[in-house]
Structures are given as C-alpha cells and as structure tokens.
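Here is a short report on the strands, the helix packing and the chain contact. Please keep the sequence and the model in view while reading.

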Amino acid sequence: MTAIVEVREVSKSFGGFMAVHDVSFDLSEGEVTGLVGSNGAGKTTLLNLLYGRLELSEGRISFDGSDISDLPAHQRVRRGLGMVFQHTTVFPELGVRENLRLGAMRKGRGTDASSPAEIDAMLEMIGLTAKQYDIASKLSHGEQQWLEIGMVLLTKPALLLLDEPTSGMTRSEAARMADLCRRLVTERTVRAVVVVEHNIDFIRRVSNRVLVMHRGTIIASGTIDEVQHDQAVRDAFLGRTV
Amino acid sequence: MLAARSRAASISRSRRVRYAEVIFGVVLLALPFIASDVFLIDRFGRYFTWAIFAISVDLIWGFGGVLTFGHAAFFGASGYLVAIFTERAGWFLPLPLWPAIGLAVLCVAMFAFLLSTLAFRGPYPMRGVELAVITLAVAYLLEQYARAGGQITGGQNGILFGERLELFGLDMHRGRGFYWLAGIALVVVYVLVRVFVNRRIGLVVRGIRENEDRVDLLGYDVPSIKIEVFTLSAALAAFGGAFFYVHEGIITPAAVGVAASTQVLLWVALGGRGTLLGPIIGTVVLQHLTATLSGTMLDTWIFVIGALLIVVVVVFPAGVLGFLDRGPAR
C-alpha cells in the first residue's frame, strides 16, 4: 500500500521531559490506524506534531512525499490534513450551517465556493438537518462533535486525525461513529484515518492496524489481535497473559 | 418542521434589526427637514463622524474579536496629518484639503498595516490582552508625542485648521451641509462594511472571533486576515477622523489619546458589538444625551449618564441591537 504519511525518528521534548521519543511509522492509503496507550503515553503529543500544533524537536514528517515538518498548521490543512479534537472546537455563536460553510469554503484546495447542496448533504450525514439554523452552542456535546466532524470533512481532508472521537458519546453514537470511520475509508472520502481512542471496542471495530504507545515510544504495531498478544504490550500494560 | 421553526426564529430576529435600520434611517433623513435649530443639525453631523469611528471599532472588535484600547490613535492621527499636510509649509506642503485627507487615510492605513503585521505575524504573535496593551501603548505614545511635538504638532495647543469642507463649490463645513456630508460618508462606510461582513471573508472574521485556532485548522491564514481587517478598520477610523477634526477647526493631543479610545468602546458596547447599526445608535444616543444633559444638569449629568450605562449593560449585555439580533446574551 502507498504511504501517505511517513514519520521518521520523530522526537518532542519539553525542557528535560521527552514526551515523544524516536518514533517512526507510515500511514498507508485505505487504512484506519488506531493509536492507543495509557494517559501520558504521548498519543496526543504525537497528533499535535502531525497536524503542526507543536514543532518537532527532532525527526521528519512527510505527507505525499513532501516534507511538511516545518509547515504551520494551516498549510498542513491545505495539503490535506484534517483534525478533530476530543473537546469540540466549533464556533459557538455561529449557526450550525455557518459552521459548516466555514469548513466548505476554505481556500487552497479548489473548494472556495461553498455549495449549499454539499452542506445539505453533510447536514444529513451528521444528523443535524433539523438544527441547521440553531446556534452551535445550543447543541448537545455529542451534536457538537458531529458538527466538528462535518466541518472538517467539508475541507476534503486526505488524512483525518481523530482525538478520542467517542468521548461523551452514547453507545449508539459511538457505533455510528465507527460506521462513519469505516465508510470514509472504504468509500474513499478520505484516504486514511488515525484515531486516538481509549475505547478498545471502538478500535477493534474500525482499525486495520494499531500502534501502541508507551512512555513516548511505539512499542508495538499490527492488528488488534497481534498487539494484544505482543509481549511488550503485555509487559507495559497488563503484567499478565491476555 | 424543527428546521422550519428554527429558520423562522432566525428570520424574525433579522427582521427586527432590519426594522430598526429603517426606522433609524427615516428619523435621520427627516431630521434636517423637521429641526429648525441649525446648531442641533450640525451636532448630529459630528455624531455621524464619530459613528464612522464606532463602526471601525465594531469591525475589529465586534466582528474580529480583537479588543483595541488605542483606536483613537488612528482617528486622531488622521486629523493631525490633515492639519500638517494643509497647514505646514515645505517640500510638497501645503496640500489642498481633499488630497490631504486621502493621503492622511493612506498613511494611517500603512501605519496600521505595519503595526498589525508586527503584532500578528511577528516572532511572538499577539492575541487578546497583549494586543489591547500594545494599542493602548501606541495611543499613549502618540498623545505624548503630540504634546511634545512642538512645531510639527503644535504641542499642547494643537493645530488650527484654515481649510473648510467644500465639495463642488458647495459649503459643507457647518450646519445642514456638514450634516449631509457626514451622513453620506457614514452611509458609504456602513454599506461598505456591511458588504464586507456579509461576504465569505466576513464569516471567516466572525469565526476568528469565536475560535481562532479552529479557523487556522480549517486552512485559513489567520494572521493575514487579521492584518487585513485591522488595516481596513484603521483606515475607516482615519476617514471619520479627517472629517471630524477639519469640521472642529482644531486638533489637540487628546484626539489621539486613551480617553477617546475608551469612549468609542462604550458606544460600541452600548449599541451592540458585531451589529454595525448598534454602534451607530450607541454613538448618536449617548453623545446626544451627554450634550443635552450636560447643558441642563450642570453638576450631575455625568452620574446620570454613568448610571444609565450601567443599567443598559446589565439589562442588555450584548448591547441594545445585540439583544434585538440574538436575544438575551447567553
């Protein structure tokens, strides 16, 4: 499979603390990659390095063969990265439809003109058609998460980064989210997805491949079954046989 | 059904603002025909130039979320530049009034562009309070310079204007002439800014006010947009300031100072930031009340105005027009 993203020997330190240390991996076309690990393992820091919120201390990140290590976040987004946060970052005092327009009409990738039909289709997909004229702050937490996902998808990302997308969602909403993640890749709406998630059932449902982080490094990589039987993973998390 | 109801509520809110727009416009159009007091009409012309100033602050603060404590630096600097360009001799000076006004607006816009580029794209990009402090410092420095500027700024005494506002041979300097000149300038600025905020860029600017980081993560170059809006806002303030001070006939150091910069924030907050019409109403109502009460309640008017402001801010935290537009503030 073609690699969309190549992460090579990436490290990030904050003063004397090494949050991410010498991490290398590829993200391949058509894959949903789960990034798991305990709190403080470095998952969110790694996501922040991928989308450009944090600068690398060492290493290199390539996107479609171009080095994006020094690009600011908005230019990485223009190249095709989309980031969805655990804590929603919608525009609270703007309407639901206006939030989506902001995603749809962004410059840089030929989507300047926001088409009403495109926004209608997204409203349908995220289940917010009935609330399209409401102010975003009036939505529930789950609805705001769907709105943020819709807004980011309208930027037409090639790579979608999701930080704990099921946080605050009901079981049925989490199932809908898992379904969406799979569909996005199988229908080639996006080329790859990375999901940081504590919900292992969700990871099992959506991921082709799982990267396990522990103390800033990747200690295992493979399918969920493979990593669950990995000795390093057992030693790090369980201390017992799976 | 739910979508239809929510859309209807939204339309009804914007209708209320549209009605306010029409009523306010009709009252101001009728005023010079109804009122016989030329001094009163002239005073409304002054309010209009201040209202242009208020719109400029509403653009950067109300829509863009960038609080500035020093916008009078642009409003007043423009007045000073027009005075220097028309009253001082040497090199290409003195200039006729209208080219001087154009050049003053251009100089202020260039200064605002440089200042905002440094603030938003410098080694330490500024946000929120940091920028408010920088603008405060600029206003303070300009005021101090104006006081100490000797031959150039006229020091404490300022500069007297010898030029009069005339257009196509018509005297627009006082009374009804000035009312119409300032009124037309206000309408032009209002329409220009209304078109700007209703375009896609306006939605992005409102997005920056709500969540700058998310706008960045949708792929927009946030510093460029903020620089553009800050520069436009400063140019509009300069445009209003040029008319105001030529009409006043004198400019003094207080014109670029902190007091004038905070006064405009009151007008915008009272009328409703992010509404455009609100700041105009806030300016006209508050300044007219101040002018009227200060003539009748010599010792107590300032307390009455202060109490009124507190009551309005408590009852309408989003401003009067903000209340009509969005309902009670959340």
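## The hairpin

Start with the hairpin of strand 1 and strand 2 of chain A, which has 2 residues between the strands. There, A:Gly15 takes a positive phi near 65 degrees. This is a predicted model.

Strand 1 and strand 2 of chain A pair in the antiparallel sense, over 8 bridges. Within this pairing, A:Val10 has A:Val23 in strand 2 of chain A as its bridge partner.

## The sheet

The hairpin strands belong to an open sheet of 4 strands in chain A. The order is 2-1-4-5, and the pairing is antiparallel. Strand 2 (17-28) and strand 5 (66-67) of chain A are the edge strands, each pairing on one side only.

At the other end of the order, strand 4 (residues 58-63) and strand 5 of chain A form an antiparallel pair over 2 bridges. A:Phe63 stands opposite A:Ser66, a residue of strand 5 of chain A.

## Helix on the sheet

Helix 1 (residues 43-51) of chain A packs on the sheet. This helix touches strand 1 (3-14), strand 2 and strand 4 of chain A. The direction of helix 1 makes about 60 degrees with that of strand 2 of chain A.

## Contact between the chains

Chain A gives 26 residues to the contact, and chain B gives 22 residues. On the side of chain A that touches chain B, helix 2 (73-79) and helix 3 (96-104) of chain A each supply at least two residues. By class, that side of chain A has 10 nonpolar, 8 polar and 8 charged residues.

Note on methods
Residues are numbered from 1 along each chain as its sequence is written. Chains are lettered from A and ligands numbered from 1 in the order in which they are written. This is a predicted model: local features need pLDDT of at least 70, side-chain atom pairs count only at pLDDT 80 or more; totals for chains, interfaces and linings use all residues. Two residues are in contact if their C-beta atoms, placed from the backbone, lie within 7 Å. Ala, Val, Leu, Ile, Met, Phe, Trp, Tyr, Cys and Pro count as nonpolar, Asp, Glu, Lys and Arg as charged, and the others, Gly among them, as polar. Two strands pair if DSSP finds at least two bridges between them. Axes are lines fitted to C-alpha atoms, for helices over the stretch in contact, and angles run from 0 to 180 degrees between N-to-C directions.
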